[in-house]
Amino acid sequence: MTEWNDPMSYGDQRSVNSEIFDYLGRKAFSIPVEYPIRINVKGSKLPEMEKDRIKSMVREHYTLDLWEQKINARKNWHIAIGLAVLGAVLLVIAFGMDRAVYGDVLSEMLMIVATFTFWEAADYFLLVRSEIQIQRLYAGQMATADIIFEEEKE
Amino acid sequence: MFLRSKYKVPYRIAEYERHIPDHEEYIKREFRVDSEGYATIDMVDYDGME
């Protein structure tokens, strides 16, 4: 028996059974993002209203995922820019202190911190960002998927 | 020598890799990619199959 609804969800917060998302996730894993996805439900005799409700709940689930990835991408951008600016400021202070008489040790320390900050900024901008973009594309691929209910069985 | 032995793909695996079917072909066959480029994921509603 196909359990479409999450047994614990209720009222306006009703959601689709997580096993269905697990299955879709497993299948979609091997489909590259270049291909748009169509979800074909065979043998369904659900009423039209119920079909529409399931379609909208599935889309809502993946749209929330896409939204989260979009927020993550924006957060990542802000962190990368913040770290780069902090690194630049620290470097300017370090160079400024280098000219002072007793600033050698502190200036060296600031330069090390600035280097580390730039390193982290590059890590966020290049590595973490690319990972988030991949997750965003996968979420978008599922959020834009078509869902079709076929009554005939094979 | 260390680098070669550690990172070179062993012959047996490299030979097997040559015979793996093309990924694109697999996707097109397995997910019935149509003329519009849509890949189809099939699901069964057991309630309707009874």
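1. A salt bridge is taken here as a side-chain nitrogen of Lys or Arg within 4 Å of a carboxyl oxygen of Asp or Glu. The pair R53(A) and E50(A) meets this criterion, with the closest N and O atoms 2.6 Å apart. The structure under review is a predicted model, and the remarks below should be read accordingly.

2. The two partners of this contact belong to helix 2 (residues 48-99) of chain A, where they are 3 residues apart and therefore separated by about one helical turn. E50(A) is partly exposed, its relative accessible area being 22%.

3. Over all chains, the count of salt bridges comes to 6. Among them is the contact between E150(A) and K42(A), in which N and O lie 3.1 Å apart. E150(A) is placed in strand 2 (residues 146-150) of chain A and K42(A) in strand 1 (residues 37-42) of chain A, so this pair ties together parts that are 108 residues apart in sequence.

4. The burial of these strand residues deserves a separate comment. K42(A) has a relative accessibility of 11% and counts as buried, because the cut-off for that class is under 20% relative accessible area. E150(A), with a relative accessible area of 23%, is partly exposed.

5. Turning to chain B, a salt bridge joins the side chains of R18(B) and E15(B), at 2.5 Å from N to O. Both residues lie in helix 2 (residues 11-18) of chain B; they are 3 residues apart, which means a separation of about one helical turn. R18(B) counts as exposed at 58% relative accessibility, whereas E15(B) is partly exposed, with a relative accessible area of 28%.

6. A surface patch of negative charge includes residues of both chains: E34(A) gathers there with D22(B), E24(B) and E25(B). D22(B) is located in the loop between helix 2 and helix 3 (23-30) of chain B. At 45% relative accessibility, D22(B) counts as partly exposed. This value also satisfies the accessibility condition for patch membership, because patches are made of residues with over 30% relative accessible area and no salt bridge.

7. The overall make-up of chain B completes the note. Its secondary structure consists of 4 helices and 1 strand, arranged along the sequence in the pattern α-α-α-β-α. Chain B has 50 residues, of which 22% count as buried. The area that chain B exposes is about 4,300 Å², and carbon and sulfur atoms supply 55% of that area.

Key. Residues numbered from 1 in each chain as written. Chains lettered and ligands numbered in written order. Predicted model: local features only at pLDDT ≥ 70, side-chain atom pairs only at ≥ 80, totals over all residues. Heavy atoms only, no water. Helix = DSSP H or I, 4+ residues; strand = E, 2+ residues; numbered from the N terminus. Buried < 20%, exposed > 50% of the residue type's maximum accessible area, 1.4 Å probe, protein only. Patch = residues over 30% accessible without salt bridge, like charges linked within 9 Å, V, L, I, M, F, W, Y side chains within 5 Å. Areas by Shrake-Rupley, 256 points an atom, 1.4 Å probe, with all protein chains shown as cover. Lys, Arg positive; Asp, Glu negative; His and termini not counted. Charge placed at Lys NZ, Arg CZ, Asp CG, Glu CD.
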